[in-house]
Structure formats: C-alpha cells, structure tokens
Amino acid sequence: MHEAPNTLSDYRKQINEALQDDFLRKTLDTFAVAYRANRETIFKEVDEQGLIKQIADARDAACKRLEELYTQFKAEAEKRGVIVHRAATAEDANNIIARIARDNNVKRVVKSKSMTAEETHLNDRLFADNLIVDETDLGEWIIQLRHEGPSHMVMPAIHLSRYQVADDFTKATGVKQDSDIQRLVKVARVQLRRKFIAADMGISGCNFAIAENGTITTVTNEGNARMVTTLPRVHVALVGLDKLTPTVDEALTALLVLPRNATAQRLTTYVSWMCGAGECSINKDNKKILHVVFLDNGRTEIAKDPLFSQIFRCVRCGACSNVCPVYRLVGGHKMGYIYIGAIGLILTYFYHGKDRARVLCQNCVGCEACKNVCAGGIDLPRLIREIRSRVNDEQGGETVPALLGAVMSNRKLFHTLLKFAKYAQKPFTGRDVQFQRHLPAIFLGKHDFKALPAIAAKSFRDRWPEIAPQVSSPKFRVALFSGCAQDFIYPEQLEACVKLLGSKNVAVDFPMTQSCCGLPLDMMGQRKAGIDVAKQNVQAFSNGKYDAIITLCASCASFLKHSYPHLLEKESSLQYAVKDFSEKITDFSSFVHDKLNVTADDFNNNGEKVTYHAACHICRGLGVKEAPRELVASAATYVPCEEEETCCGFGGTYSAKFPEISAQLLENKLANINATGAARVVVDCPGCIMQIRGGAEKRKLPFKVTHIAELLAENLKR
C-alpha cells in the first residue's frame with residue numbers, strides 16, 4: 001500500500017521516480033490520447049450536458065435526503081431477508097464485517113469491486129483475524145500480489161506491463177509464465193476460479209443502493225463480481241452512504257454516462273441488481289446470508305456542507321484521471337491516497353486526514369480538464385483550491401505564499417516592487433531585455449528548462465497616457481483588465497489590443513487601481529489575500545459604464561467571471577457591483593470575433609503558417625473554441641496542431657512548485673507545435689506565452705510565440 005508523502009521534498013522524490021518510468025509514461029500517453037478521441041465519439045450519440053445535469057440534480061437531491069433514503073432502503077431490504085448495518089467510522093465497518101465472518105465461521109474471503117473497502121483498509125483488519133482474503137478483479141488481484149494500492153478507479157493496474165504481470169504470476173503459481181496477455185488471462189482465470197469455489201464469504205462494493213426496493217447494484221466489465229456475490233454462502237456489500245439512490249430510474253440515467261466516461265464504452269459488460277437474499281442450498285434455510293454495511297466515515301457531515309456536498313455526485317468513473325495531464329505523467333500512486341485523480345485529492349482530505357491531503361492537494365495544475373468531463377458536473381478545480389485554503393487556515397501556510405499574499409494584496413507595494421525589478425534585473429538581462437539570460441544556475445535549479453522573461457522597461461500602465469485611443473463616437477465603451485503579466489512583462493500584447501479596438505471605433509479605458517486577478521493567490525490557498533484583491537478590482541471598475549471588460553488573459557477572464565461571485569458572496573455591499581463586473585468580463589477573442597465581427601476582409605493575410613495553443617481557461621474555463629481559430633484563419637494560414645487543447649504545464653504558481661512536471665508537459669507541447677512546421681504559434685494567455693516562448697527560446701526552436709492580438713494587429717488593414 002502506498003503512503004501519502006509527509007513533505008513536498010518527499011513528494012518530489014516520488015514524482016521523479018514516476019517521471020523516470022518510461023513504460024508508465026508510454027502507457028498513460030497512449031491511453032490518454034485514445035480515450036479522448038473515443039470519448040468524443042461515443043458521447044455524440046447522447047445529450048452529454050443534459051445527462052450530466054440530470055445526474056447532478058438527482059445526486060444533489062438524494063444528498064439532502066440521506067437519512068430518509070437510508071431508512072427506506074433498510075426497511076425494503078429487510079423485507080427481503082437482508083441484514084442492514086450502519087457504521088459510523090471505517091474501524092466500525094471493518095469490525096462489523098470481521099464479526100460477520102467470525103459468526104459464520106468464515107475462513108476464506110473473496111472480494112470484488114470495492115473502493116470503499118480500500119478506504120477502510122478492510123483487508124488489513126481481516127488479515128489480523130487470520131482470514132485468507134483474495135481480490136478477484138484481475139487488476140485488483142495483480143496489485144494485491146504486488147502489495148500495492150490501485151493506480152486508477154477503473155483500471156487499478158494500468159501502470160504495469162505484461163512482463164511485470166508475468167513475473168508476478170510466476171511467483172504466485174510457482175510456474176514460469178509467458179508474457180502473452182491471453183495466456184496470462186487464462187492463468188488468472190484458473191487461479192481465481194479455485195478461490196471462488198473455496199470461499200466462504202464474498203465481499204463486494206456497490207454502485208447504487210436503490211432505496212425504493214432495497215436493491216444493490218454492481219457495474220463491472222468482468223464476471224468476477226457475480227462470482228463473488230453468488231457462489232459463497234455469505235455475501236457482504238460495503239456501501240458508502242453516498243451511494244443511496246431513490247429509484248431505479250436515477251441509476252439507469254447514470255448508467256448512460258458511467259461506461260462512456262470510464263472507458264468510452266456504450267455499455268458496461270455486466271450490470272447486476274441484487275434485490276434481497278437469493279437462493280443458496282448450502283445454508284439451512286436455502287437462502288444466501290446477505291449483509292449490507294453502510295459506511296458513514298464523515299459522509300453525513302459532508303452532505304451538510306453547501307460546497308463540498310457536490311462530491312457525492314461522483315460515480316467513480318475515473319474520467320478525471322483519464323484527462324488529467326499530471327496523472328498522465330506520474331500515475332495514480334502520486335495523485336491521491338486510496339482514491340486517486342482530482343476527486344482523490346479531495347476525498348483524501350475528508351476520508352484519510354488533513355495531514356495526508358496537505359501535500360497531495362497541491363499537485364493540480366488547474367487546467368479544468370477534470371471538470372470538463374465529470375459525469376456529475378463537480379467543480380473539481382474549485383474544490384481543490386478550497387482544500388488548499390482550508391489546510392492553510394487549519395495547519396498554517398508556508399512562509400513564501402503567505403509573504404506573496406501580503407505583498408499582492410497591497411497594490412501599491414506590489415506594483416512598486418515590480419517596477420523596481422526592472423532595474424534589479426539589468427545584470428541578468430544584458431542587451432536583450434526580453435529574457436533573463438545571465439541568471440546564476442543556483443537561482444534556476446530545476447527551472448532551467450525554459451528562459452525566464454524580463455520585466456518590461458516600461459509597464460503598460462505607464463504607457464497608457466500615450467496610446468489611449470481617441471474615439472469621438474464609439475461603437476462600444478470597454479475597459480481593459482490587464483493582469484500582472486501583460487501590464488509589467490508583455491505590455492506589447494495590450495498595445496496590440498488597443499490598436500485593433502481603436503481601429504474599430506471602440507473607446508477604451510484603463511482603470512489604474514486594478515491589480516492582479518487573484519488566481520495565483522487562490523492557487524496557493526491564500527484566500528484572505530485573494531478576497532482583498534478581488535474587492536480592489538471590483539471597486540476599480542465600478543464607476544465606469546462599460547459595455548464590456550476585456551482581458552487578454554484567459555486565466556484572468558475565467559477567474560474573474562466564475563470565481564469572483566463565490567469569493568465575494570459574503571460582501572453584501574458589493575453584490576450588485578460583483579454581478580455587473582463578472583457578467584461584463586469578456587475574453588479578447590470572443591469580443592473581437594462576436595462583437596466586432598471582424599472577417600478576413602479586415603486583414604492583410606500574407607500566408608504565414610500559424611498554429612494555435614488553446615489555453616486551458618479559454619477552451620474549458622470559458623468554453624471558447626471556434627473564435628480564436630477563426631480569427632487566426634482570417635489573418636494567416638491556420639495549421640492545426642496535435643493536442644491543441646492539452647495543458648502546456650504553466651499553471652501559474654504550479655510551474656514553480658512542480659518544475660519537473662511542468663517541464664515535461666512543456667516538452668510535449670513544444671514537440672507538437674514544432675511538428676506543424678508553423679512559423680508562429682499564437683495563444684490567448686500570457687502565462688502560456690511565458691511557458692512556451694521560454695521553452696522555445698531555450699531550445700532555439702524555429703517559431704515565434706505571440707498573443708493572438710499581436711497577430712491580428714500586425715496584419716490589420718489600415
């Protein structure tokens with residue numbers, strides 16, 4: 001069983017081990033690419049968003065009725081010969097199951113489909129009573145032989161090669177085994193059938209516990225769960241209270257999404273409905289001894305939490321891992337404790353302790369890929385950020401993030417330090433002021449995978465009086481939200497925007513009291529400082545009667561639009577201003593494409609080959625897909641790129657905390673861009689530009705990296 005790291009230093013060692021596992025990387029790469037394509041195809045047959053909303057609404061409603069549903073299930077199940085238990089803690093659940101085994105003179109146990117049993121560490125408890133316990137799902141049996149935990153919700157042994165499995169089977173059987181997959185499956189089938197026949201008790205999990213008729217349901221792609229629940233004379237189902245479902249209809253709706261999300265299948269192979277104790281000729285009354293143990297382990301408290309109760313929408317499909325760029329590199333054993341992936345980072349905090357969650361919850365790049373595919377529509381990135389904030393409040397935060405929070409919440413101090421930096425950097429920039437070229441290696445460390453940008457000689461806010469467009473009868477009145485990077489590092493991007501807007505008769509304002517959007521603070525768990533910054537920004541724009549507030553940073557745009565209403569929900573005096581502010585936030589590409597309606601006729605297209613990197617928060621956070629690509633095609637020759645919407649690895653403060661992972665994500669991105677043969681790649685986010693341009697410069701790659709606004713401004717017809 002893997003253990004959660006105690007320190008960030010320990011965690012980095014684990015991550016480095018995973019990054020050096022070439023087989024793991026190749027396997028997860030292959031799966032990730034194939035999964036995305038297959039999932040997209042399989043969901044075309046159904047109303048994906050409609051089904052997700054149905055599931056979310058049904059699970060939310062059930063969450064509010066847990067006690068009622070438990071009482072109903074218990075009554076209906078007991079009518080049908082089932083013995084129902086309720087365990088307050090993991091230890092209680094394990095003791096109940098151990099007692100059932102003892103009362104029924106059980107010697108051998110077979111198990112199937114139970115992440116909940118992993119949660120409670122049930123096997124350790126049964127081993128302590130000298131019981132023989134065998135996992136029977138193929139992947140689970142393999143990792144049991146290796147004394148490991150699962151690395152995926154649905155595919156627990158995805159991290160292993162057939163050669164490793166052959167070695168494990170050789171040790172288990174005492175016979176040299178071939179690495180042919182079909183032969184290995186046959187070996188497993190023979191070994192497991194012996195265990196099924198010899199077992200006294202079967203222990204299973206449960207996907208849905210149907211209250212209306214006391215039915216428990218398992219969903220599998222192997223027949224082993226049916227063997228576990230039918231062959232032994234005693235069957236125990238260990239069920240989280242969150243699996244309670246009012247009727248069969250809700251379960252059937254979820255089944256339209258679960259296999260599609262888990263493995264991109266229309267249907268899973270086996271869906272078993274167990275309604276009451278079935279026949280069993282071994283027992284005196286010819287009936288199966290069937291126990292259902294409901295586990296609380298904090299679930300009733302979570303159900304009362306207005307924010308975190310949404311985690312009960314999870315159907316354990318594992319899709320959040322399937323699309324996670326970090327999981328793709330390091331695997332499940334580095335992405336949670338017991339439960340893995342984005343949902344695992346959250347569940348670790350609630351089910352296995354804040355000490356285990358403290359380090360693990362930091363390993364999220366914030367790309368929102370998990371949220372984009374979640375079968376229950378859970379806002380996983382927001383919940384992970386909330387976990388960080390709670391951990392900081394409860395255990396105290398790190399010194400550097402706390403210091404940054406204090407500085408960034410004081411706008412004047414923050415901007416003064418940034419302006420001072422342009423002078424302090426001169427020994428390191430030399431004549432080329434675009435990059436920090438002469439930093440000593442001691443300052444770079446593992447960040448040497450990219451060239452670091454220099455602070456601009458003159459910030460955008462200092463240039464603003466000279467470049468503000470003079471428009472007499474404006475078509476629109478807008479304000480610019482600059483963010484930190486474009487104001488102080490890449491002011492030319494904002495200048496390009498102003499040039500284009502001015503040419504289209506748009507009046508532009510730039511409120512000087514605006515500051516950082518606050519996303520870096522929220523990523524670091526500095527919630528109080530983030531709220532202070534959010535209040536400053538809302539107030540900075542509150543006096544202008546703008547048609548839109550435009551930002552050229554996709555990350556800023558997504559955070560300002562979607563997170564500010566949550567951050568400032570307790571600021572009653574700002575509620576109207578916050579709503580007005582967030583609703584007016586518009587990304588640059590959407591405004592230019594949808595409001596200004598620019599076309600190819602507005603540009604001098606010189607045929608330059610240009611590809612595109614879709615920043616995570618433009619394509620997922622804001623759901624903007626076509627506008628940027630159509631704008632590129634209007635001003636240049638657009639060349640599609642492989643995995644355009646896959647994260648480049650920047651993630652703001654993430655790249656500073658986990659440079660090893662950031663570097664590899666960047667390497668993959670650069671390879672795909674370079675393969676297009678494009679002369680330029682354009683992006684909607686300065687953070688991505690910092691990452692990709694820095695990497696391209698370090699490797700002397702033959703393409704430019706610019707903001708999409710710069711491409712358009714350069715080719716604008718006069």
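Let me begin with the side of helix α1 on which Lys13 and Glu17 are exposed; exposed denotes over 50% relative accessible area, buried under 20%, and partly exposed in between, with a 1.4 Å probe and protein chains only. Helices here are DSSP runs of H or I with at least four residues, numbered from the N terminus. The model is a predicted one, in which local features need pLDDT of at least 70 and side-chain atom pairs count only at pLDDT 80 or more, while totals for chains, interfaces and linings use all residues. Residues are numbered from 1 along each chain as its sequence is written, and side-chain values use heavy atoms, with hydrogens and water left out.

On the other side from those two residues, the buried members of α1 are Leu8, Tyr11, Gln14, Ile15, Ala18 and Leu19. Viewed down the axis of α1, they fall within an arc of 140°, and therefore line one face of the helix; the arc is taken from the directions between the helix axis and the C-beta atoms. As general background, an α-helix has 3.6 residues a turn, so residues three or four places apart point the same way. The cover over this buried set includes α2 (22–43), α15 (325–330), α17 (354–360), α35 (653–657) and α36 (659–675), where contact means heavy atoms within 4.5 Å.

I turn next to a helix pair. The axes of α9 (residues 162–173) and α10 (residues 181–198) come within 11 Å and cross at roughly 35°. These axes are lines fitted to C-alpha atoms over the stretch in contact, and angles run from 0 to 180 degrees between N-to-C directions. From α9, Arg162, Val165, Ala166, Phe169 and Thr173 meet Ile181, Leu184, Val187, Ala188 and Gln191 of α10.

Which residues of α19 are buried? They are Leu380, Pro381, Arg382, Leu383, Ile384, Arg385, Glu386, Ile387, Arg388, Ser389, Val391 and Asn392. This makes twelve of the 16 residues, and α19 is mostly covered. Helix α19 (residues 380–395) reaches 22 Å from its first C-alpha to its last, close to the 22 Å expected at 1.5 Å a residue; the expected span is 1.5 Å times one less than the number of residues. After α19 comes Gly396, with a positive phi near 85°.

Finally, is Thr253 in helix α12 (residues 248–263) buried or exposed? Thr253 counts as buried because its relative accessibility is 19%. Leaving aside residues up to four places away in sequence, Thr253 touches Leu51, Gln54 and Ile55.
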